[in-house]
Amino acid sequence: MADTSFDVVVIGGGPGGYVAAIRAAQLGMKTAVVEREHLGGICLNWGCIPTKALLRTAEVYDTIKRAGDFGLKVDGVAFDTGKVVERSRAIAKQLNGGVGHLLRKNKVSVFDGAGRLNGRGKVRVEKDAKPVADLVARHIILATGARARSLPGMEPDGRLVWTHKEAMVPATMPKSLLVVGSGAIGIEFASFYRSLGAEVTVVEILDRILPVEDADISAFARKSFEKQGIRILTSASVKALRKEADSVTASVEAGGGTSDIAAERVIMAVGITGNTETCGLDGTAVKVERGHIVVDEWCRTGEPGVYAIGDVVGPPWLAHKASHEGVICVEKIAGLADVHPLDVRRIPGCTYSHPQIASVGLSEAAAKAAGRTVKVGRFPFIGNGKAIALGEPEGMVKTVFDAKTGELLGAHMVGAEVTELIQGYAIAMSLETTEAELMHTIFPHPTLSEMMHEAVLDAYGRAVHF
C-alpha cells in the first residue's frame, strides 16, 4: 500500500470532523476524512436529525388531537409506527448524502474505514480488519465521537433494554416505557413516546430533571411533563433490571424505599463516553481522563500534530460545539490571526421535547455561586399574544444580568419554539451586549420574540405586558 500524503487528516466524519475537513480545504490544505460508518456521524444518522423528525411527528399528532381548540374537526386520528420511523430514516439518509456532496465539492478525500494513529504523523485505515490505506499528514484531528454509557448489570441488549439507537426505530409502539436519565436525550424520548400514547416513567438520580438547566426552568418543565401524564421520579436510582419474555421489571430505590416498576421497554440515557479505545493512543502523549481526550484551548493534545474535537473531548456533548471546535482547530493550524478560543459559557443548549427547553450562559444559581450580584427577569408565555394565538400559552423566559455592569450572564426558556429563539440571546452575549442595547432593540409584533424583550425589561422593573 502506497502512503498518501495530506496536510490534514480527520478521523471521524461527524459534525465536528466533516466541518473541520471542509474548513481546512477552504483554507487551501490538502485534506482527508476517515469515516468507519456514516458520514454525518451519530448526530445526523442516529441523533440530532432523526430524533427531531420523530419529535415533529409527535408535535403534529398532539396538535391534531386538539384540533377542536382551533375550530377544526378531525376524526379517526391515528399513526403508523412503521411510517413514522421510515420518514425519520429517509431524512437521515438524505442529509448523509448531502455531507458526501459537500466533501466532494470541497475536494476532500474520503476513506471508508476505521482510522487510528500509527506512528508520528501517520494514520492506518482498515475496513473489516483489512488494510485500506496508510496516510501521512502534518496534522491529524481526532473526531471519533462518543457512545452511550451503560450501567453495570443493566447493559442494553437491543431488544428489551434500548440505547437511543433502538429507541429511534421501534418495530411497534410499546405500551409502557421506563427512561433512565432525564437529560436532553432521556426527556426527548419520554416526550415522544408519551405523545404517541405510551405510559412513561422517568427515573433521575439527581434531585431534579434536566439538571444542567436553571432550576426554575427544570421545575416548570417537570410540571408540564407531569400534566401530560409522564411519571417522574427524582433522587431515585435503578438498582437492577429483571427481564421477562417481553417486558422488564426495574428495582427502583427512591425516598428511602425500593419498589418495582414494570415496563415493556427501558431506554438507558445515562450519558456518553468518548470513543478513545481504537484511536491508537498507546505510545503517544495523548492523555485520556474520565473517558475523554484532554486538549488545550486550541484543541491540541499532548502529542505534537495531534488534535481532538467534539464529543471525544467531553461536554457539552453538542453537535454545534463540535463543529465550532473543528473550525477553531483548523483556523489555528492555518495560522489565522483572528481565531478565538471556545467559550463554553456561550454555547446554547436545546431540548426538543414538548415543551421545548433552551438556554445559554449561566443559570441564576451558577451566577450567584460565581460571586455575581444579579438582576433576574421573567416573562410568561400567557402574557404574549402570539403564544396564545398559537395555542401554546404555557412557558417562560428568564434572563440573568450582572447587577453592576448590565452584562447578560444567561438566558433560559421553556415553551414553544424556544430552540429557535435562543440564538438571539447567544448573539447578544457574543456582542457583549448589556441590558441597555436589548431594551433599545425593537422586537416585531406579534411574535414570540417579544417575550425576550419583556424578560429583559422585567429584570429592571420595566416589564409592560405582565
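Which strands form an open sheet of three, and in what order? Keep that in mind as you open this predicted model.

**Stop 1: the three-stranded sheet**

Select strands 12, 13 and 14. They form an open sheet in the order 12-13-14, and the pairing is antiparallel. Strand 12 (236–243) and strand 14 (257–263) are the edges, since each pairs on one side only. From one strand to the next, the twist averages 25 degrees. Strands of a sheet pair through backbone hydrogen bonds, either parallel or antiparallel.

Now zoom in on strand 13 (residues 248–254). Seven bridges pair strand 13 with strand 14 in the antiparallel sense. Pick alanine 254. Opposite alanine 254, in strand 14, stands glycine 257.

**Stop 2: the five-stranded sheet**

Move on to strands 20 to 24. This open sheet has five strands in the order 20-21-24-23-22, with antiparallel pairing. Its edge strands are strand 20 (349–351) and strand 22 (374–380). Here the twist averages 10 degrees from one strand to the next.

Follow one edge. Strand 20 and strand 21 (residues 356–361) run antiparallel and are joined by three bridges. Select threonine 351. Its bridge partner in strand 21 is isoleucine 357.

**Stop 3: helices on that sheet**

Show helix 7 (residues 215–227). Helix 7 packs on the sheet and touches strands 21, 22, 23 (396–402) and 24 (408–415). The direction of helix 7 makes about 5 degrees with that of strand 24.

Next, show helix 11 (residues 418–430). Helix 11 lies across strand 20, strand 21, strand 23 and strand 24. Helix 11 runs at about 10 degrees to strand 21.

**Stop 4: an enclosed helix**

Select helix 13 (residues 450–459). Why is helix 13 largely enclosed by the rest of the structure? Nine of its 10 residues are buried, so the rest of the structure largely encloses it. Among the buried residues are Met451, His453 and Leu457. What do the buried residues of helix 13 pack against? Their neighbours are strand 22, strand 23, strand 24, helix 11 and helix 12 (435–440).

Step just past the helix. Glycine 461 takes a positive phi of about 70 degrees.

**Stop 5: a patch on the surface**

Finish with Val60, Ile64, Phe70, Leu72 and Val74. They form a nonpolar patch on the surface, with about 390 Å² of accessible area together. Click on phenylalanine 70. You will find it in the loop between helix 3 (48–65) and helix 4 (81–105). Its relative accessibility is 36%, so phenylalanine 70 counts as partly exposed.

Terms used. Residues numbered from 1 in each chain as written. Predicted model: local features only at pLDDT ≥ 70, side-chain atom pairs only at ≥ 80, totals over all residues. Heavy atoms only, no water. Pairing = 2+ DSSP bridges. Helix = DSSP H or I, 4+ residues; strand = E, 2+ residues; numbered from the N terminus. Axes fitted to C-alpha atoms, helices over the stretch in contact; angles between N-to-C directions. Contact = heavy atoms within 4.5 Å. Patch = residues over 30% accessible without salt bridge, like charges linked within 9 Å, V, L, I, M, F, W, Y side chains within 5 Å. Areas by Shrake-Rupley, 256 points an atom, 1.4 Å probe, with all protein chains shown as cover. Salt bridge = Lys/Arg side-chain N within 4 Å of Asp/Glu carboxyl O. Buried < 20%, exposed > 50% of the residue type's maximum accessible area, 1.4 Å probe, protein only.
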